[in-house]
Amino acid sequence: MGDRRHCWSLVASAPGVTGWWWQRHHRSAAVRVWAAGAGDVLRAGPFQVRDFGTGESVILLLHGIIASGNNFGAGYDDLGRSARVVVPDLLGFGGSMDTAGPFDAATHVAAFNAELAELDMDHQPTTVLGHSMGGVLAIRWAAANPDRSKAVVTVGAPLYRTSAEADQRMGAMVPMAALLAGSGLFPEAVCAWTCRHRGIASWLAVGSRPDFPVAIARRGVNHSWASSSDSLDSLVRDDGWAPAL
């Protein structure tokens, strides 16, 4: 009898939960302004990339961890009026999820160069913009390619001096994000379940983040434990950005 009452309470609460989700979703500024970007989606080097725009220079847009290139939506399309714009899904994430690693800075830098060469953009002056972990990669790529770097822009780059500082900062994030950014059996188990049930996990991500555009929330589960944990260790917890900067 108690189980039956519990089931009925869940059914009764469902409309309220759905209403809450729709309200949060439609009030979200990100949801209102985001739309899928223009251009061609193709394979270049080890990356899946979005390529658009015309011009003598190149703009490379790098997303953060647990994300993909679709974070840079149509709001960035105007950049293509004066430059070729390349938006890769980073190694181990999004449409580049099938890359085997390693996922450190040196591997990414070499992969960016291979990508730009394949697109015949390896001699143009390049501006690189990175969000979060992508900001670290932007600095590292520019330091390795000073003759081609026109400018570097970082947004919320995790420039931590020590791994202890990184862990302290990540621990101050919202509880679930902090938990999944940590180490141990639980985050690895969650990631393993996600890999086995990626379709279900993508819709659970939508339900847990009504403030995100649906396409971005769903794409956020496209990674593996290796890509997420190795990226945290070699890019977020590592201080290799300092000599590069």
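This is a short dialogue on reading the sheet and two helices of a predicted model.

Trainee: What should I know before I start?

Mentor: The model is predicted, so to speak with its own filters: local features need pLDDT of at least 70, side-chain atom pairs count only at pLDDT 80 or more, and totals for chains, interfaces and linings use all residues. Residues are numbered from 1 along each chain as its sequence is written, and side-chain values use heavy atoms, with hydrogens and water left out.

Trainee: In what order do the six strands form the sheet?

Mentor: Strands (E, at least two residues) and helices (H or I, at least four) are DSSP runs numbered from the N terminus, and two strands pair if DSSP finds at least two bridges between them. Here the six strands make an open sheet in the order 1-2-4-3-5-6, with mixed pairing. Strand 1 (40-44) and strand 6 (149-155) sit at the edges with a single partner strand each, so one side of each has no neighbour in the sheet. From one strand to the next, the twist averages 25°.

Trainee: How does strand 4 pair with strand 2 and with strand 3?

Mentor: With strand 2 (residues 47-52) the pairing is antiparallel, over four bridges. Asp 51 stands opposite Val 86, and Phe 52 opposite Val 85. With strand 3 (residues 57-62) the pairing is parallel, again over four bridges. Val 86 turns up here too, as the bridge partner of Leu 60.

Trainee: Is strand 4 largely enclosed or open?

Mentor: Buried means under 20% relative accessible area, exposed over 50%, and partly exposed in between, with a 1.4 Å probe and protein chains only. Five of the six residues of strand 4 (residues 83-88) are buried, so the rest of the structure largely encloses that strand.

Trainee: At what angle do helix 3 and helix 4 pack?

Mentor: Axes are lines fitted to C-alpha atoms, for helices over the stretch in contact, and angles run from 0 to 180 degrees between N-to-C directions. Helix 3 (residues 105-118) and helix 4 (residues 133-144) pack at about 70°, with axes 10 Å apart. That makes the two roughly perpendicular (65 to 115 degrees).

Trainee: Which residues make the contact?

Mentor: Contact means heavy atoms within 4.5 Å. Helix 3 brings Ala 105, His 108, Val 109, Phe 112, Asn 113 and Leu 116, and helix 4 brings Leu 137, Arg 140, Trp 141 and Ala 144.

Trainee: Where do these helices lie on the sheet?

Mentor: Helix 3 lies across strands 1, 2, 3 and 4, at about 45° to strand 2. Helix 4 lies across strand 3, strand 5 (126-131) and strand 6, at about 150° to strand 5.

Technical notes:
Parallel < 35°, antiparallel > 145°, perpendicular 65-115°, else oblique.
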